[in-house]
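Reader: Please look closely at one part of this model, any cavity that a search finds, and set it against the chain as a whole. I would like the cut-offs stated.

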Amino acid sequence: MAECNEWQMPQRTGGSPTRTMADLLFLPDLERSLINWLLRQQTATLAEAAAYLNQSEIEAAAVLQDLIEQGFVQWLDQLDPPQYQPKLQRRKGRNMPTKIWDALE
Amino acid sequence: MAQIISIHSFRGGTGKSNLTANIAVAVASQGKRVGIVDTDIQSPGIHVIFGLDEDSFTHSLNDYLWGRCGIEKTAYDVTAELKTADGYREVAGKVFLVPASLKAGEIARVLREGFDVGLLNDGFQELTEQLDLDYLFIDTHPGLNEETLLSIAISDAMVIILRPDRQDFLGTAVTLEVAQRLDVPEIMLLVNKSPQAFDREAVIEQVQMRYGVAVGGLFQENDEMLQLASSGVFWLHYPEHPFSQEVHAVAQQLMAASSH
């Protein structure tokens with residue numbers, strides 16, 4: 001029987017990824033640590049991220065690109081120098097019958 | 001650079017907001033500029049301890065999150081409102097409070113529409129810069145949700161409050177595991193509402209053994225706290241009370257940790 005890891009990222013099906021703070025908890029150590037650090041920095045250049053990871057810029061860029069594709073990070077290339085930034089999703093509203101919401105407002 | 005300290009408890013009713021207010025004002029009394037943000041949007045209330053009611057503030061954190069105003073508009077300087085038992089007390093530093101709305105419709109709107117969690121992170125940073133804060137205390141919602149996870153993730157230190165209660169013990173383990181996954185540099189446990197009959201040192205030892213994390217303070221239940229009923233900052237009303245001495249000891253530890 002396969003070992004059950006409660007922190008294994010749940011499989012998603014279809015559509016573009018939308019990530020929340022909760023999804024961050026399921027990332028592997030390296031990626032999670034990088035985003036934790038990026039959240040505190042707010043933004044960082046590739047050189048700063050590489051220094052944090054203690055990796056070459058090529059290696060760091062690959063990690064960041066993977067995080068961009070997963071929906072955790074965005075690349076702000078309009079800035080000079082370009083920066084990486086955590087991509088925090090909107091906290092979703094809750095689904096309840098409209099009648100209840102209308103009664104509260 | 002400002003230190004961000006989030007105050008959290010896994011369950012409600014632990015006295016989180018009261019301890020947040022007391023510790024934050026104790027830090028301010030040491031000449032520090034302190035901000036407090038009420039991110040407990042679903043069940044806010046820390047502003048009551050500072051004598052604010054819905055009529056005394058025009059903007060809240062909710063307004064900022066909905067793009068109605070800048071974060072600085074939601075911060076109220078409550079330093080001059082710090083009451084003692086027989087008047088007002090001047091503190092050496094400053095205390096700014098960002099309240100969350102206590103209006104039912106606005107709480108419902110947050111639940112209904114959600115908000116941009118990224119704005120919260122930007123707001124914390126802008127607040128510390130614009131108010132030139134030394135410390136920013138974040139009063140979080142009990143349990144785990146999006147804004148609480150963000151608050152924990154960006155904190156330099158996290159204070160977890162628990163009662164000597166089995167449910168609190170189990171929930172605190174969850175919070176600790178999450179805090180460790182979010183790389184919080186400093187974690188401190190505070191035991192609150194400990195019955196007078198419990199042996200102080202035995203409770204502290206039990207908690208430290210269980211979690212392997214330092215207990216920064218233990219606060220016993222007391223009648224004076226019940227009588228004050230959130231109408232003020234406890235240690236300003238009862239400066240010689242053991243609870244107040246413990247508040248100052250915790251404040252000193254947090255300041256010492258941030259100077260490392």
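Author: A contact means heavy atoms within 4.5 Å. Among contacts in chain A between residues at least 6 apart in sequence, 43% join residues at least 24 apart. The model is predicted, so local features need pLDDT of at least 70 and side-chain atom pairs count only at pLDDT 80 or more, while totals for chains, interfaces and linings use all residues. Residues are numbered from 1 along each chain as its sequence is written, chains are lettered from A and ligands numbered from 1 in the order in which they are written, and side-chain values use heavy atoms, without hydrogens and water.

Chain A has five helices and three strands (DSSP runs: H or I of at least four residues, E of at least two). Their order from the N terminus is α-α-α-α-β-β-β-α.

Now the cavity (on a 1 Å grid over the protein atoms alone, points where a 1.4 Å probe fits but cannot get out). The whole structure yields one cavity of 30 Å³ or more. The largest cavity holds about 70 Å³ of space, taken as that filled by probe spheres set on points joined across faces, edges and corners. Its lining (residues with an atom within 4 Å of a point) includes Met21(A), Leu24(A), Ile35(A) and Leu39(A). Helices α1 (21-24) and α2 of chain A each supply at least two lining residues. Also in the lining are Arg19(A), Thr20(A), Phe72(A), Pro86(A), Lys87(A) and Leu88(A). By class, the lining has seven nonpolar residues, one polar and two charged (Ala, Val, Leu, Ile, Met, Phe, Trp, Tyr, Cys and Pro are nonpolar; Asp, Glu, Lys and Arg charged; the others polar).

Conventions:
1 Å grid on protein atoms, 1.4 Å probe; cavity = no way out; pocket = protein on both sides within 12 Å on 5 of 7 lines; lining within 4 Å.
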